[in-house]
Amino acid sequence: MTFRETFNSKLSALYTRDECGVLWRRALSAVCGVDMSRTYFITSDDLTPMQCDEIRGIAERLSKGEPLEYILGFAEFRSLKFKVTPATLIPRLETQELVSTIKEFHPDGNASPNILEVGTGSGCIAITLAKSLPNARITAVDISAEALQVAQENARTHQTPNIQFLQCDFLNPDATESVIPNSEKFDLIVSNPPYVRPSEKPSMPVRVLDYEPHTALFVPERDPLLFYRRIAEFSANRLTPQGRVAVEINQWLSEPTAALFTAHGFTAQIKKDLFSNPRIIIAEF
């Protein structure tokens, strides 16, 4: 059995053959310090004993369900590397589409909107927007001090000083107002809030359930739209006249979520992701 076959065999209980192939290439890329496209030309014979040991260690941790991003300490998001830890969610492809949708609002990159991100996590949304809209003013809030530390480190790495990171319990109106003055208005409010119901846990992989932060994933079964309700209430009073709300949503709750924004006076548009699932709502007056 070759070294790569041993790697695949170690992971076969949790991953498909195709997924093992991607993990192999990503592990090679990180350990050898090369671009992913070059990993096709690396064979086991090219690896040093130390590199082989590193890959064995990665395979061992992967076989227990630990996400590769936490093992390596970073995730890629729109071609940028972001530090991630168990205090932050691992950025998803669907969230990249949320950013792409927002960028369509300002195609020339010269606009200077005032943006609020609710639940910034690793900061990947706020930082990516700051890179493409360098004149924007961005406030990014999160309830987790640990997540904010990661986001601030990522902001320094990517040289985006136009972001203000604040700790805030956004579900608490009084706490929010003490951090974000009531007089401040926003052109865009963006969020990828918690939206997974506990009843959805059986369909989720171990690498998510056992390793990613539950406070950033799950909402109460009896009130799964609580974050969207709070965002809608806040946005109804804090958007500029031409402002928008852009949120990632639970695909199984798209219609109730859209109806919630409509009930607060918004026109809500549901957009599908690359897998044709309803994933994004754009709300505006």
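**Entry 1: α2 and α3**

I began with two helices of this predicted model. Helix α2 covers residues 17-32, and helix α3 covers residues 49-63. Their axes come within 10 Å and cross at roughly 135°. That angle makes α2 oblique to α3. I noted the handedness too: α2 passes α3 in a right-handed crossing.

Which residues make the contact? From α2 I listed Leu23, Trp24, Ala27, Leu28, Val31 and Cys32. From α3 I listed Gln51, Glu54, Ile55, Ile58 and Leu62. I kept a general point in mind here: residues three or four places apart in an α-helix point the same way, because there are 3.6 residues a turn.

**Entry 2: the hairpin of β1 and β2**

Next I looked up strand β1, residues 74-77. Side chains in a regular strand alternate between the two faces of the sheet. I found that alternation in β1. Ala75 and Phe77 point to one face and are buried. Phe74 and Glu76 point to the other face and are not buried.

How do β1 and β2 pair, parallel or antiparallel? The sense is antiparallel, over 4 bridges, with β2 spanning residues 80-83. I then traced Ala75 across to β2, where its bridge partner is Phe82. The hairpin has 2 residues between the strands. I checked the backbone there and found that Arg78 takes a positive phi near 50°.

**Entry 3: salt bridges**

I searched the whole structure and got 11 salt bridges. Side chains of opposite charge can pair when their charged atoms come close. I wrote up some of the pairs.

Glu60 forms a salt bridge with Lys64, and the closest N and O atoms are 3.8 Å apart. Glu60 is partly exposed, at 32% relative accessible area. Lys64 is exposed, at 55%. I followed this pair further and reached a network of salt bridges that links Lys10, Glu60 and Lys64.

Arg61 forms a salt bridge with Glu66, with 2.7 Å between the closest N and O atoms. Are these two partners buried or partly exposed? Arg61 counts as partly exposed, at 35% relative accessibility. Glu66 has 14% relative accessibility and counts as buried, because the cut-off for buried is under 20%.

Arg244 and Glu284 were my next pair. Their side chains meet in a salt bridge of 3.6 Å, N to O. Arg244 lies in strand β7 (residues 239-248) and Glu284 in strand β9 (residues 278-284), so the pair ties together parts that are 40 residues apart in sequence. I read both accessibilities. Arg244 is partly exposed, at 25%. Glu284 is partly exposed, at 29%.

**Entry 4: helix α6**

I turned to helix α6, residues 124-132. How many of its 9 residues are buried? I read 7, so α6 is largely enclosed by the rest of the structure. The buried residues are Cys124, Ile125, Ala126, Ile127, Thr128, Leu129 and Ala130.

**Entry 5: Ala175**

I ended with one residue. Ala175 is found in helix α8, which runs over residues 173-179. Its relative accessible area is 23%, so Ala175 is partly exposed. I set aside its neighbours within four places in sequence and looked for other contacts. Ala175 is then in contact with Cys168 and Asp169.

I also looked up its distance to Cys20. Ala175 and Cys20 are 155 residues apart in sequence. In space they are 45 Å apart, C-alpha to C-alpha.

Note on methods: Residues numbered from 1 in each chain as written. Predicted model: local features only at pLDDT ≥ 70, side-chain atom pairs only at ≥ 80, totals over all residues. Heavy atoms only, no water. Buried < 20%, exposed > 50% of the residue type's maximum accessible area, 1.4 Å probe, protein only. Pairing = 2+ DSSP bridges. Salt bridge = Lys/Arg side-chain N within 4 Å of Asp/Glu carboxyl O. Axes fitted to C-alpha atoms, helices over the stretch in contact; angles between N-to-C directions. Parallel < 35°, antiparallel > 145°, perpendicular 65-115°, else oblique. Left-handed = near helix turned anticlockwise from the far one by under 90°. Contact = heavy atoms within 4.5 Å.
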